[in-house]
Amino acid sequence: MAAAAERTDELVREYLLFRGFTAALKQLDAEIKADREKGFRVDKIVEQLQQFVQSYDLAALRDYWSYLDRRLFSRLEDVYRPTVNKLKTSLFRYYLVHAIQNGRNDKAQEFFLKQASELQNQAEWKDWFVLPFLPAPDSNPTFATYFSRQWADTFIVSLHNFLSVLFQCMPVPVILNFEAECLRTSLIQEENESLRHKLFALQAESSRMKKEELEVEQTVLHHKLPAYVANMDRLGDSELDMTCNQRSTAHSLQSRGGFLSSFLSQSKKGPSRPVHSSGASPMQASSMLLGKKEPTNHQSAKGKEGAVSSKDGKSHFSGLVAGESSSLQQRQKRLQEHGKERKELLSKGTFQGQSAEKKTDTNTAEAEPCSELHAEQTETSARTPGGSAEAVGVRQEQPFIVLSQEEYGEHHSSIMYCRVDCSGRRVASLDVDGVIKVWSFNPIMQTKASSISKSPLLSLEWATKRDRLLLLGSGVGTVRLYDTEAKKNLCEISIDEDMPRILSLACSPSGASFVCSAAAQSPVSHIDFSVINSGGKSMNQVPGKLLLWDTKTMKQQLQFSLEPEPIAINCTAFNHNGNLLVTGAADGIVRLFDMQQHGCAMSWKAHDGEVYSVEFSYDENTVYSIGEDGKFIQWNIHKSGLKVSEYDLPREATGPFILSGYSGYKQVQFPRGRLFAFDSEGNYMLTCSSTGGVIFKLNGEEKVLESCLSLGGHRAPVVTVDWSTAMDCGTCLTASMDGKIKLTTLLAQKS
């Protein structure tokens, strides 16, 4: 904290010098020189106390401790008061011990004369009044501990630690947190960038590994050893001659087989099983026995051409058998024994390994018959993953990554409003029971203020400049200014007794004024479900006023003219500089007011029924509105009534919102707060749904909104949303009818 204070002092000096406020700069330097808190440097404060002790300045020591008590210790909770008293007692004892050790008994007697009235009734000082009159107090059992060097060092360290913890925990102004916030933001940005690089690296590594696996599979397909080479280790001399003859015969027929195979259908190009005659030789039987463990190594290695080659091989092999019958019987016996051993060895392998081997050999047999067949199969295998990739490619990359989702559950009834302040640090929420909660979510979710209104509340808005203030509109014709830090109402003004419902509040970006929408009582209750079932509309078709109030004086400045007739204004919104104000009314008309001329610049019929929510677009060339007819429409503000785009929204996004329960119970709530909110660049929109917020991509060329992300997390319909973009990570708020508020932190994917 000391470093932050010193840095802030330098910045203030630089600012005053830049502005030419030399008198203020001189005064600041003088104040800093006489600063009794020593710039929150604990070592300097402890050093100052020790200096008073060493100079035997009891008056200055008492005065300085009283200042610290008044300035710092008085802000502590009552549980820490005994600790402060113990430190004060130890400080005075430290003073007495120092005086006695240096032979200044007169200073010790002076201490008791001046402090007698304060100390005589304190039990811990009862034995100390005799101290100046003892000949050797350091050897007295009562005082020996205090005259040791260890006690003095322990006291100084304890005092130092206490002040350090106090300065770390005490609340500080926002300007002192500036550097820490900058550092924290920088660290978070670096961490996000690092995580982004790791994500891209993992994606690249995964893609590379998949590519390598595909190449390995293709290499295995292309470079599978021929059958006669794979079995060469278990063939005798004559068998080798026979196999070579088979190979040469098969090679001579390969070109013809390849040419004919090009005319065959794909279904006929598979491996064919060789036809064995009833008089097959024992060598053939042995080959078949061995082939059971390595299927298609002999029989289906070459497809149809392999079958032809096998037939030629049989004729050559019959001639060899007639010439060498005796030696062949011996070799046959040897091969059978060899095959038996091989069978035992192979039987130890797993079934999965055998299945994989069979699959690989089968693919090889299909790939080898001819070049035309291999080309077609390669093309087919390449086309299949491509097709699947194309199907998956329809699903585009998510524009946002959900970093976290937290729940605020301090409300016990349906939420009406939920708004983030301008700084993005605090949230104000209001429920139908009139309970107001002000809470923060960074670094932890914590309630800062809570209030219950005796009169029903209908609207809520943050003040812009002093973001600690809340404007609260009631159902009895009053607007209150509530201080969230002092936790009290600063003032309450009466708007109009004839129009007691304050439906909407909006504070100008400059903070100098705010608009207030007042309306008469509705002839139909907003909780009458029969009206909804009967298709009734325009329940808010009552007279209303739109007023401009001064924030500082809390006095009315003017009343806006509402044409063609005074009507209840449901929603209001300023543009970025406060020069324009857009409103949505119960008669379905959107009105655009010029705040410099204080008049209606244009108006148009926007919806069939009431207008529930309006907002300016990111470039402020258009406005968006949601109405009772379930339409989400974008309007050009340069041409009155010119529709840029129009989308149909489900009823769960526009209201009225219905929560069903047991035995036919139904709770109905009409829209009050914001029904949609935009991201920092205005490309995406957050809306309500029955299970949570839904983010849509705004694209004027498409006729249907594209859903990008569903936030979810709710068990009851969401009735109002907000999207704070004050931080780098956007924060989405979704509030539902069961009193739950979900806070979802998103990270935008940079393209």
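Colleague: What does the secondary structure of the protein come to?

Modeller: In this predicted model, the protein has 17 helices and 30 strands. A run counts as a helix with at least four residues and as a strand with at least two.

Colleague: How much of the protein is made up of buried residues, and what makes a residue buried?

Modeller: Of the 751 residues, 44% are buried. The word applies under 20% relative accessible area, so each residue in that 44% falls below this cut-off.

Colleague: And what share of the contacts comes from residues 24 or more positions apart?

Modeller: Taking contacts with a separation of 6 or more, 54% link residues 24 or more positions apart.

Colleague: Good, let's go inside. Which residues touch the most other members of the largest nonpolar core?

Modeller: Trp65, Phe73 and Phe111 do, in a core of 48 residues. Two or more residues each come from helix H3 (42-54), helix H4 (58-71), helix H5 (81-101), helix H6 (105-119) and helix H7 (149-169). H5 gives the most, with 10 residues.

Colleague: What is Phe111 in contact with, beyond its neighbours within four places in sequence?

Modeller: Its partners there are Leu58, Phe92, Tyr95, Leu96, Leu119 and Trp125. Contact requires heavy atoms within 4.5 Å, so each of these residues has a heavy atom within that distance of one in Phe111. Another core lies apart from this one, with 36 residues, among them Phe400, Tyr612, Phe678 and Ala716.

Colleague: Back to the helices, then. Why is H5 called oblique to H7?

Modeller: Their axes come within 11 Å and cross at roughly 140°. Roughly antiparallel would need an angle over 145, and roughly perpendicular covers 65 to 115. The crossing angle fits neither, so H5 is oblique to H7.

Colleague: Is that crossing left-handed or right-handed, and which residues make the contact?

Modeller: The crossing of H5 and H7 is left-handed. From H5, the contact uses Thr83, Val84, Leu87, Ser90, Leu91, Arg93 and Tyr94. H7 brings Trp151, Ala152, Phe155, Ile156, Leu159 and Phe162.

Colleague: Now the strands. What is the order of the open sheet, and why do S6 and S9 stand at the edges?

Modeller: The order of its 4 strands is S6-S7-S8-S9, with antiparallel pairing. Strand S6 (457-462) and strand S9 (488-494) each have a single partner strand, so one side of each is left without a neighbour in the sheet. Neighbouring strands are turned by 20° against each other on average, direction ignored.

Colleague: What makes S6 mostly covered?

Modeller: 6 of its 6 residues are buried.

Colleague: How do you know that S6 and S7 pair?

Modeller: Pairing takes at least two bridges, and 5 bridges join S6 to S7, so they count as paired. These strands run antiparallel, and Leu460 has Leu472 in S7 as its bridge partner. A hairpin of 6 residues connects the two.

Colleague: And what about S7 with S8?

Modeller: Strand S7 (residues 469-474) and strand S8 (residues 478-483) are also antiparallel, over 5 bridges. Leu471 stands opposite Leu481 in S8.

Colleague: One last pair: what do S16 and S17 look like?

Modeller: Strand S16 (residues 589-594) and strand S17 (residues 599-605) share 6 bridges in the antiparallel sense. The threshold is at least two, so this counts as a pair. Ile589 is bridged to Lys605 in S17. The hairpin has 4 residues between the strands, and His598 takes a positive phi near 55°.

Key: Residues numbered from 1 in each chain as written. Predicted model: local features only at pLDDT ≥ 70, side-chain atom pairs only at ≥ 80, totals over all residues. Heavy atoms only, no water. Core = buried A, V, L, I, M, F, W, Y, C linked by side-chain atoms within 4.5 Å. Buried < 20%, exposed > 50% of the residue type's maximum accessible area, 1.4 Å probe, protein only. Axes fitted to C-alpha atoms, helices over the stretch in contact; angles between N-to-C directions. Parallel < 35°, antiparallel > 145°, perpendicular 65-115°, else oblique. Left-handed = near helix turned anticlockwise from the far one by under 90°.
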